[in-house]
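Below is a walk through one protein structure, to be read with the model in view. The account begins with a group of aromatic residues and then turns to the strands around them.

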Amino acid sequence: NGHATTIALRQHYFPAIAPIHIHAGYSHGWNRTKGNDFDYQTNFLSLGLGIPLLFNIYGDVSYSKVYNDYESPNSLAGRGFDFTRTDELDSINVTLNRPVLPWLNAFLTYDYTRDHSNIRFYNFVQYALSAGLQAHF
């Protein structure tokens, strides 16, 4: 259980000379939990590019960098509570999106996430592929 607060700034740019979409953002967050293992502050940076492709398909690729600084010694650190946890995450997202009907899109998304944590238990690499339909009402 906890309480998270985030402030964010996101910019979208649609240049008049090309049918592309550039997006970038920054956010800062605070996470307060019951128990101290997961109280942290986070900084999130992102940059992406969207571009129309063939057959009415729209592609978007983005990169994100996240820094999580935990405030208290972690129960899994060393022999237990020896040091605080820090995570540095890299994430790449590739999405293909295509209209099926005027109010319905189909999408395919690939996500890669790498967590560089100073605690072995939290180090991971994740690959995810998802597909679905998105309705607009």
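In this predicted model, Phe38, Phe121 and Tyr122 make up one aromatic cluster. Within the cluster, the rings of Phe121 and Tyr122 pair edge-to-face, with 5.2 Å from centre to centre and 85 degrees between the planes. The two partners differ in exposure: Phe121 counts as exposed because its relative accessibility is 64%, and the cut-off for that class is over 50%. Tyr122 is buried, with a relative accessible area of 13%. Tyr122 also has a charged neighbour, since Arg85 lies over the face of its ring, at 3.5 Å from the ring centre.

Arg85 takes part in a second interaction, a salt bridge with Asp87 in which the closest N and O atoms are 2.5 Å apart. Both ends of this salt bridge are buried: Arg85 has a relative accessible area of 6%, and Asp87 is at 4% relative accessibility.

The structure as a whole contains five aromatic pairs. One of them is formed by Tyr40 and Tyr70, whose ring centres are 4.8 Å apart; the planes meet at 45 degrees, so the pair is classed as tilted. Tyr40 belongs to strand β3 and Tyr70 to strand β4, and the pair links parts of the chain that are 30 residues apart. Tyr70 is buried, with a relative accessible area of 9%.

These strands belong to an open sheet of seven strands, in the order β1-β2-β3-β4-β5-β6-β7 and with antiparallel pairing. At the edges are β1 and β7 (124-135), each of which pairs on one side only. From one strand to the next, the twist averages 15 degrees. Strands of a sheet pair through backbone hydrogen bonds, in parallel or antiparallel fashion.

The sheet can be followed from the β1 edge. Strand β1 covers residues 2-13, and the number of buried residues among its 12 is zero, so the strand lies largely in the open. It is joined to β2 by 12 bridges, and the two strands run antiparallel. Along this pairing, His3 stands opposite Arg32 in β2, and Ala8 stands opposite Ser27.

Next, 11 bridges join β2 (residues 21-33) to β3 (residues 40-52), again antiparallel. Tyr26 has Leu45 of β3 as its bridge partner. The hairpin of β2 and β3 has six residues between the strands, and in it Gly35 takes a positive phi near 90 degrees.

Strand β3 is joined in turn to β4 (residues 58-73) by 13 bridges, and these two strands run antiparallel. Ile51 has Gly59 of β4 as its bridge partner. Here the hairpin has five residues between the strands, and Phe55 takes a positive phi near 60 degrees.

Ser64 gives a view from within β4. Ser64 counts as buried because its relative accessibility is 12%, and the cut-off for buried is under 20%. Leaving out residues up to four places away in sequence, Ser64 touches Phe44, Leu45, Ser46, Leu89, Asp90 and Ser91.

What holds charge beside charge in this part of the sheet? Side chains of opposite charge can pair when their charged atoms come close. The structure holds four salt bridges. One of them joins the side chains of Glu88 and Lys65, at 2.7 Å from N to O. Glu88 lies in strand β5 (residues 84-101) and Lys65 in β4, so this pair ties together parts that are 23 residues apart in sequence. Another joins Asp90 and Lys65, at 2.9 Å from N to O. Asp90 is in β5 and Lys65 in β4, and they are 25 residues apart. Asp90 and Lys65 are both buried, whereas Glu88 is partly exposed, with a relative accessible area of 31%. Through shared partners, salt bridges join Lys65, Glu88 and Asp90 into one network.

Further along the sheet, Leu108 lies in strand β6 (residues 104-117). Leu108 is partly exposed, with a relative accessible area of 40%. Not counting residues up to four places away in sequence, Leu108 touches Val94, Thr95, Leu96, Leu129, Ser130 and Ala131. Between the C-alpha atoms of Leu108 and Gly2, which are 106 residues apart along the chain, the separation is 32 Å.

Technical notes: Residues numbered from 1 in each chain as written. Predicted model: local features only at pLDDT ≥ 70, side-chain atom pairs only at ≥ 80, totals over all residues. Heavy atoms only, no water. Pairing = 2+ DSSP bridges. Helix = DSSP H or I, 4+ residues; strand = E, 2+ residues; numbered from the N terminus. Buried < 20%, exposed > 50% of the residue type's maximum accessible area, 1.4 Å probe, protein only. Contact = heavy atoms within 4.5 Å. Phe/Tyr/Trp six-rings, centres within 6.5 Å; stacked < 30°, edge-to-face > 60°. Lys NZ or Arg CZ within 6 Å of the ring centre and 35° of its normal. Axes fitted to C-alpha atoms, helices over the stretch in contact; angles between N-to-C directions.
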